[in-house]
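Student: Before we begin, could you take me through this protein slowly, setting each term beside the value that earns it?

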Amino acid sequence: MSAVRKVVCVTGASGYIASWLTKFLLQRGYTVKATVRDLNDPKKTKHLFALEGAKDRLHLVKADLLQEGSFDAAVEGCEGVFHTASPFYHAVEDPQAELLDPAVKGTLNVLGSCARTSSVKKVVVTSSFAAVGYTGRPRTPEVVVDESWFSNPEVCKSMKIWYVLSKTLAEAAAWEFAKEKGINMIAINPSMVIGPLLQPTLNTSAEAILNLVNGSPTFPNASFGWVDVRDVVNAHILAYEDSSASGRYLTVGKVAHFSEIAKIVQELYPNLPVPQKCADDNPYVPTYQASKERAKSLGIEFTPLEVSIKDTIESLKEKNFLKF
């Protein structure tokens, strides 16, 4: 597909994944209509305007997830829409207002604009491993998690994992709405996303790496899938450009316990104060396997975890979140 003169929309463009998505789309010749909540906030816009091709082919549009119809202007004239806007943080006081409403109502708001816009041919939604892996089934080394897994909202509620619940409910609502309205929709489901930052603010997943090198005495007793932000973005674009792409695409480079992440950091940076001790005395939370087949069918070659970790730390240093 020739990207020249094709117009696409990226929602929440100032975010971590969306900033890279905007960058790669511009590099491929697309014209990008990118939404941000505040056009006058340089933290949201300056790094986007600095991208190659931005001067001629990037148009910023103000839109708010919870403002009905506010994405109409952004998706007008677009052939494709990449919906990435969704809050991601762990310390929440009001899960409904802070996470659930923006994720679920926001997704339906964006898809509503797409349904009303005849130019839109395809929508790629940034979902998450959060919407896949929390079924209540055990995740152990012999278990392979794949795209047929759907997180159980009741499990999420019982565990009080509100971000996971927000992504689970948002993706389920998106599929239902897309089916009802006949929208050609793809979901990309990345695990913990790391790699260099384009935006000037610290995002939650990069902070997980920062916390290992800024004096923390322990590492968490947790295992996650990890994936490079550039691989996630390539999955979005390749799924959009591939006319045979359908359904969900799990994007997990490697599943690793935090002890392994700490060990890699220590090997890369022997002088950094990396914690040697786990946060509790329980057995390590087991790792599991995540299917790569569908992601590889798009042409994704996953970046080695060591490269992603090094690039994350170098970026945190460059952005002055870390000094050494």
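Student: What share of the contacts in the protein between residues at least 6 apart in sequence join residues at least 24 apart?

Tutor: In this predicted model, 79% of those contacts join residues at least 24 apart, where a contact requires heavy atoms within 4.5 Å.

Student: What makes the protein as compact as a globular protein of its length?

Tutor: The protein has 12 helices and 14 strands. Its radius of gyration is 19 Å, and the globule rule gives 20 Å for 324 residues, so the value is close to the rule and the protein is as compact as a globular protein of that length. Along its principal axes, the C-alpha trace spans about 55 × 40 × 40 Å.

Student: Why is strand β2 called mostly covered?

Tutor: Buried means under 20% relative accessible area, and six of the six residues of β2, which runs over residues 31-36, are buried. Both faces are covered, with Thr31, Lys33 and Thr35 buried on one side and Val32, Ala34 and Val36 buried on the other. In a regular strand, the side chains alternate between the two faces of the sheet. For the protein as a whole, buried residues make up 55% of the 324 residues.

Student: How do you know that β1 and β2 pair?

Tutor: Pairing requires at least two bridges between the strands, and β1 (residues 7-11) and β2 have four, in the parallel sense, so the definition is met. Valine 8 has valine 32 in β2 as its bridge partner. Between these strands the chain crosses through helix α1 (residues 16-27), and this β-α-β crossover is right-handed.

Student: What makes β2 and β3 a pair as well?

Tutor: The requirement is at least two bridges, and β2 and strand β3 (residues 58-62) pair over five bridges in the parallel sense. Valine 36 has lysine 62 in β3 as its bridge partner.

Student: Which residues have the most contacts inside the largest nonpolar core?

Tutor: They are Leu25, Val32, Trp226 and Ile261, in a core of 67 residues. The largest share of this core, eight residues, comes from α1. Apart from it lies another core, of 21 residues, among them Val110, Val120, Ala174 and Met185.

Student: Which residues does valine 32 touch, not counting those up to four places away in sequence?

Tutor: Valine 32 touches Val8, Val10, Thr22, Leu25, Leu26, Arg57, Leu58 and His59. Val32 is thus a residue to look for in several of these answers, being buried in β2 and the bridge partner of valine 8.

Methods. Residues are numbered from 1 along each chain as its sequence is written. This is a predicted model: local features need pLDDT of at least 70, side-chain atom pairs count only at pLDDT 80 or more; totals for chains, interfaces and linings use all residues. Side-chain values use heavy atoms; hydrogens and water are left out. Buried means under 20% relative accessible area, exposed over 50%, partly exposed in between (1.4 Å probe, protein chains only). Helices (H or I, at least four residues) and strands (E, at least two) are DSSP runs, numbered from the N terminus. A crossover is right-handed if, with the strands pointing away from the viewer, the path from the first strand over the helix to the second runs clockwise. The radius of gyration is taken over C-alpha atoms; the globule rule is 2.2 Å times the number of residues to the power 0.38. A nonpolar core is a set of buried Ala, Val, Leu, Ile, Met, Phe, Trp, Tyr and Cys residues joined through side-chain atoms within 4.5 Å.
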